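Me: I would like a close look at one part of this structure, with its surroundings explained. How many salt bridges does the structure hold, and which residues are linked in a network of salt bridges?

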Amino acid sequence: MADGLLPLAQSALFNFQSLLLVILLLICTCTYVRAVMPRVIDSNKSGFLGVFWMSARIGERLSPYVALACVVMAVTTLVQ
């Protein structure tokens with residue numbers, strides 16, 4: 001580096017692939033937690049914690065597509 005500055009690390013908000021990975025992990029984790037302990041997720045259907053309930057619902061209703069997205073994300077991560 002000519003000017004001696006270190007490159008800045010990108011956060012998941014500015015890297016699209018990392019953002020997709022975080023969203024997929026959130027959906028999968030919330031769906032699993034709701035399957036194991038449904039009262040934890042179902043007690044918070046509104047407000048900020050409602051995001052976890054919505055993620056669990058997405059994981060339940062769109063599970064084949066979420067699974068396919070997880071496989072695609074795994075392959076692209078391994079290839080890089």
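Reply: Along the sequence the protein follows the pattern α-α-α-α, with 4 helices and 0 strands (DSSP runs numbered from the N terminus: H or I over at least four residues for a helix, E over at least two for a strand). This is a predicted model, in which local features need pLDDT of at least 70 and side-chain atom pairs count only at pLDDT 80 or more, while totals for chains, interfaces and linings use all residues. Residues are numbered from 1 along each chain as its sequence is written, and side-chain values use heavy atoms, leaving out hydrogens and water.

Now the part in question. The structure holds 3 salt bridges (a side-chain nitrogen of Lys or Arg within 4 Å of a carboxyl oxygen of Asp or Glu). R34, D42, R57 and E60 are linked by such bridges in a network.

Start at D42. Its side chain meets that of R34 in a salt bridge, at 2.8 Å from N to O. The two partners are not equally covered: R34 counts as buried at 19% relative accessibility, whereas D42 is partly exposed at 26% (buried means under 20% relative accessible area, exposed over 50%, partly exposed in between, with a 1.4 Å probe and protein chains only). Over the whole protein, 15% of the 80 residues count as buried.

R34 also forms a salt bridge with E60, where the closest N and O atoms are 2.6 Å apart. R34 lies in helix α1 (residues 16-36) and E60 in helix α3 (residues 50-61), so this pair ties together parts that are 26 residues apart in sequence. E60 itself is partly exposed, at 31% relative accessibility.

From E60 the network goes on to R57, with a salt bridge between their side chains at 3.2 Å, N to O. This pair stays within helix α3: the two residues are 3 apart, about one turn of the helix. R57 is partly exposed, with a relative accessible area of 25%.

T31 gives another view of how these parts meet. T31 sits in helix α1, and its contacts, leaving aside neighbours within four places in sequence, are S55, A56, G59 and E60 (contact means heavy atoms within 4.5 Å). The C-alpha atoms of T31 and G59 are separated by 5.5 Å, although the two are 28 residues apart along the chain. Among contacts in the protein between residues at least 6 apart in sequence, 55% join residues at least 24 apart.

Helix α1 has a further partner. Two packed helices are described by the angle between their axes and the distance between the axes. The axes of α1 and helix α4 (residues 63-79) come within 11 Å and cross at roughly 140 degrees (axes are lines fitted to C-alpha atoms, for helices over the stretch in contact, and angles run from 0 to 180 degrees between N-to-C directions). The two helices are therefore oblique to each other (under 35 degrees is roughly parallel, over 145 roughly antiparallel, 65 to 115 roughly perpendicular, the rest oblique). Residues of α1 that meet α4 include L20, L24 and C28, and among those they meet on the α4 side are V66, A69 and M73.

Finally, UniProt, in an unreviewed entry, places the feature "transmembrane region" at residues 12-33 and 62-79 (positions are in the numbering used here, feature names are shortened, and annotations may be inferred rather than shown by experiment). In the model, residues 62-79 are 94% helix and 0% strand, with end C-alpha atoms 26 Å apart.
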